[in-house]
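Subject: Structure handover

Hello,

Here is the structure I promised to pass on, with my notes underneath. Please have it open in your viewer while you read.

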Amino acid sequence: MAQECRRIESDLGLISPGTLSPSARLSTHDVLAPSHGAPQDGAETAAQVGSTLRQLADERTGPLASVRGLIEQAAHRLDAHPRMRASGAVHGLELIAHRLDTLQRDLATAATSLSPTSRPAIVPPTPRTSQAPARPHR
């Protein structure tokens, strides 16, 4: 299965998650651990969590934007193949990309509510990946 995944990544020109630099990965510790040893108040903790959520929702550098971009790229490449279009694979990938876009917006909203004094993450509307109109799910 791993070999087939690598073949698909190669065929679609995708980047394997294993090739991401350590700085591009977030761990649970990064999200939940305080930045220093002193106890934190609720506002500090909320600000830290809000900052992490803004990083996740960031349209330019956030991991969700990267994943969504890869999914949109895969949908666009598959859209060129009539058999793939007929299988519903392209439409399925477009729906996944749309859900990720919605998730980014929800995270940006949550981040703003946790730290209202900081600037909200700007997540512009996402253009559709293919020129064809959305296909109904069958």
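Helix 4 and helix 6 meet along a long list of residues in this predicted model. On the helix 4 side, the residues are Leu64, Ala65, Val67, Arg68, Ile71, Glu72, Ala74, Ala75, Leu78 and Asp79. Facing them from helix 6 are Ala89, Val90, Leu93, Glu94, Ile96, Ala97, Leu100, Asp101, Leu103, Gln104 and Leu107. The axes of these two helices cross at roughly 160° and come within 9 Å. An angle over 145 degrees counts as roughly antiparallel, so helix 4 and helix 6 are roughly antiparallel to each other. Their crossing is left-handed.

Two alanines in helix 6 are handy places to zoom in on this pairing. Alanine 97 touches Arg68, Ile71 and Glu72, if you set aside its neighbours within four places in sequence. Its C-alpha also lies 7.9 Å from that of glycine 69, although the two are 28 residues apart in sequence. Glycine 69 belongs to helix 4. Is glycine 69 buried or exposed? Neither label fits: with a relative accessible area of 31%, glycine 69 is partly exposed, because that value falls between the 20% limit for buried and the 50% limit for exposed.

The other one is alanine 89, also placed in helix 6. Leaving out neighbours within four places in sequence, alanine 89 is in contact with Leu78 and Met84. From alanine 89 to leucine 78 there are 11 residues along the chain, and their C-alpha atoms are separated by 7.8 Å. Alanine 89 has a relative accessible area of 28%, so this residue is partly exposed.

Helix 6 has a second partner in helix 3. Here Ala46, Ala47, Val49, Gly50, Leu53, Arg54, Leu56 and Ala57 of helix 3 meet Gln104, Leu107, Ala108, Ala110, Ala111 and Leu114 of helix 6. The axes of helix 3 and helix 6 are 8 Å apart, and the packing angle is about 155°. That angle makes helix 3 roughly antiparallel to helix 6. This crossing, too, is left-handed. Gln104 and Leu107 appear in the helix 6 list for helix 3 and in the one for helix 4.

Which residues form the largest nonpolar core? There are nine of them: Leu53, Ala57, Leu64, Ile71, Ala97, Leu100, Leu107, Ala108 and Ala111. The elements giving two or more residues to this core are helix 3 (42-57), helix 4 (63-79) and helix 6 (89-114). Helix 6 has the largest share, with five residues. As background, nonpolar side chains tend to be buried together in soluble globular proteins.

Finally, the chain as a whole. It has six helices and zero strands, which gives the pattern α-α-α-α-α-α when read along the sequence. Of its 138 residues, 27% are buried. The accessible surface comes to about 9300 Å², and carbon and sulfur atoms hold 62% of that. Among contacts with a separation of 6 or more, 61% are between residues 24 or more positions apart.

Happy to talk any of this through whenever suits you.

Best wishes

Notes. Residues numbered from 1 in each chain as written. Predicted model: local features only at pLDDT ≥ 70, side-chain atom pairs only at ≥ 80, totals over all residues. Heavy atoms only, no water. Helix = DSSP H or I, 4+ residues; strand = E, 2+ residues; numbered from the N terminus. Buried < 20%, exposed > 50% of the residue type's maximum accessible area, 1.4 Å probe, protein only. Contact = heavy atoms within 4.5 Å. Areas by Shrake-Rupley, 256 points an atom, 1.4 Å probe, with all protein chains shown as cover. Core = buried A, V, L, I, M, F, W, Y, C linked by side-chain atoms within 4.5 Å. Axes fitted to C-alpha atoms, helices over the stretch in contact; angles between N-to-C directions. Parallel < 35°, antiparallel > 145°, perpendicular 65-115°, else oblique. Left-handed = near helix turned anticlockwise from the far one by under 90°.
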